[in-house]
Amino acid sequence: MPFIEALRQLSFSLGKDNFCLIHVSLVPVLGVVGEQKTKPTQHSVRELRALGLTPDLLACRSAQPLIGSAKEKLSQFCHVPVENILNIHDVPNIWHVPLILRNQKAHEAIIKQLNLSRSAGPPELRDWTLMAESYDNLSTSVKIALVGKYTNLSDSYLSVVKALLHASVACSQKPSIQWVSASDLEDATAASAPDAHTKAWETLKGSSCILIPGGFGDRGISGMILAAKYARENKVPYLGICLGMQISVIEMSRHVLGLGNADSEEFNTDTPDCVVMYMPEVSKTHLGNTMRLGCRRTFFRKPDCLTSKLYGNPPHVDERHRHRYEVNPSFVPMLENAGLQFVGCDESGNRMEIVELQDHPFYIGVQFHPEFKSRPRKPSPPFTGLILAATERMRTLTNVSNGDAGASE
């Protein structure tokens, strides 16, 4: 109700020519006869009118295109012109939605409602059309192991999933996300649920690249460390985001530097080797307003690094952040001597933002969240790099396999 009232007041204060309300409603198909039912939309429009809002356009969701009689019935009982009734039916991929709206002249109805005919032109969707159609024609897919804590609810990683989609399509690949619960990779699971443990490792090893996204809390951390170790030792393309970057630092500290107790202060406050620490300038007892949030600038310490090349060799990049913990700068020299290069930092030089592993095809960790700025026609550079590296790995393995087959023949 607060949102409805806010819209009502907004429509009154702006005036009719400056306000366009599009009401989205489901048109279900009930019964074996397959009749499209308009009653739910009629009732919802009636309720909306009773609350002081009158829809200018109807956007009707349905599995199949609306038949003419359904549109006429909606127009008659909802008091909306037929040309203002839009049908958003199921499409092969969501990028087709702007195209079907354009084909139904939705832009003309909106322009007319807002009295913009003298300043607005036709929509320019040539590139968008090419992108939507090219996705439909993709024939090869890339397997991406997403190792996380919340894999039972995939929407928890929706931004990451969309960023993988954007990057994969830009690389002419379909993303095939292999969900791996980090806890299933742990040794404890091998004893309690051996089938789940075996399946998780088979999925991880059968993927062309590994991605560890952000997260909070200590559940599944051991599994993530094992996944990062597998990627490092087996030259599997790896991208760590926020927590994923911190995982790579902990893993290197434990298994390369020999610091067996290396950990994050988030998981173990008493560790003698605190390689990931709580941000020193914020309170440890008060959680409100203590995150490093929003768009921050990252400067490249090494201009010739891989991440800089992916971004187009700029002196710095601006990416969004969301974290409370970061790499302890005291351990940076040791880690760099071991091969983990901190190629990006903030303006102070103390906050480590980007890491890369030497002598590895693609092993990158970023403290920021590049998925937040990914767009269909402008994929995030770290994600694009991951998919390119995974595609190259698939090609190499295929060539090796074909060579072995030829030799055996």
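Q: Where in this predicted model is Cys20 placed?
A: Cys20 sits in the loop that runs between α1 (2-14) and β1 (22-26).

Q: Why is Cys20 called partly exposed?
A: The relative accessibility of Cys20 is 23%. Buried requires a value under 20% and exposed a value over 50%, so Cys20 with its 23% counts as partly exposed.

Q: What makes Asp56, Leu57, Gln113 and Leu114 contacts of Cys20?
A: A contact requires heavy atoms within 4.5 Å. Cys20 touches Asp56, Leu57, Gln113 and Leu114, where residues up to four places away in sequence are not counted. For Leu57, the separation from Cys20 is 37 residues in sequence and 7.9 Å in space, C-alpha to C-alpha.

Q: Why does Thr129 count as buried?
A: The cut-off for buried is under 20% relative accessible area. Thr129 has a relative accessibility of 16% and therefore counts as buried. Thr129 belongs to helix α6 (residues 126-136). Apart from neighbours within four places in sequence, Thr129 is in contact with Leu99 and Arg102.

Q: What is notable about phi of Lys105?
A: Phi of Lys105 is near 60°, which is a positive value, and Lys105 is a residue other than glycine. Most residues other than glycine have a negative phi.

Q: Where is Lys105 found, and why is this residue called partly exposed?
A: Lys105 is in the loop between α4 (97-103) and α5 (106-113). Partly exposed covers values between the limits of 20% and 50%; Lys105 has a relative accessible area of 47% and is therefore partly exposed.

Q: Which sign does phi of Asn313 have, and where does Asn313 lie?
A: Asn313 has a phi of about 60°, a positive value, although it is not a glycine. Asn313 lies in the loop between α12 (306-310) and β13 (316-323).

Q: How do you know that α9 and α10 pack?
A: Residues of the two helices meet: Trp201, Leu204 and Lys205 in α9 with Leu226, Ala227 and Tyr230 in α10. Helix α9 (residues 194-205) and helix α10 (residues 221-233) have axes 11 Å apart, at an angle of about 35°.

Q: What is the hand of the crossing of α9 and α10?
A: The crossing in which α9 passes α10 is right-handed.

Q: Why is Leu226 called partly exposed?
A: Leu226 is located in helix α10. Because buried means under 20% and exposed means over 50%, Leu226 at 24% relative accessibility counts as partly exposed.

Q: Which residues are in contact with Leu226, leaving aside its neighbours within four places in sequence?
A: Leu226 is in contact with Leu185, Glu186, Asp187 and Trp201, neighbours within four places in sequence being left aside. Glu186 is 40 residues from Leu226 along the chain, and their C-alpha atoms are separated by 7.6 Å.

Q: What share of the contacts in the protein chain join residues at least 24 apart?
A: Among contacts between residues at least 6 apart in sequence, the share is 69%. The chain holds 14 helices and 17 strands, and its C-alpha trace spans about 75 × 65 × 45 Å along the principal axes.

Q: What share of the protein chain counts as buried?
A: Of its 409 residues, 46% count as buried. The accessible surface comes to about 20700 Å², with 53% belonging to carbon and sulfur atoms.

Technical notes: Residues are numbered from 1 along each chain as its sequence is written. This is a predicted model: local features need pLDDT of at least 70, side-chain atom pairs count only at pLDDT 80 or more; totals for chains, interfaces and linings use all residues. Side-chain values use heavy atoms; hydrogens and water are left out. Helices (H or I, at least four residues) and strands (E, at least two) are DSSP runs, numbered from the N terminus. Buried means under 20% relative accessible area, exposed over 50%, partly exposed in between (1.4 Å probe, protein chains only). Accessible areas come from the Shrake-Rupley method with a 1.4 Å probe; for residues, only the protein chains shown count as cover. Axes are lines fitted to C-alpha atoms, for helices over the stretch in contact, and angles run from 0 to 180 degrees between N-to-C directions. A crossing is left-handed if the near helix is turned anticlockwise from the far one by less than a right angle, and right-handed if clockwise.
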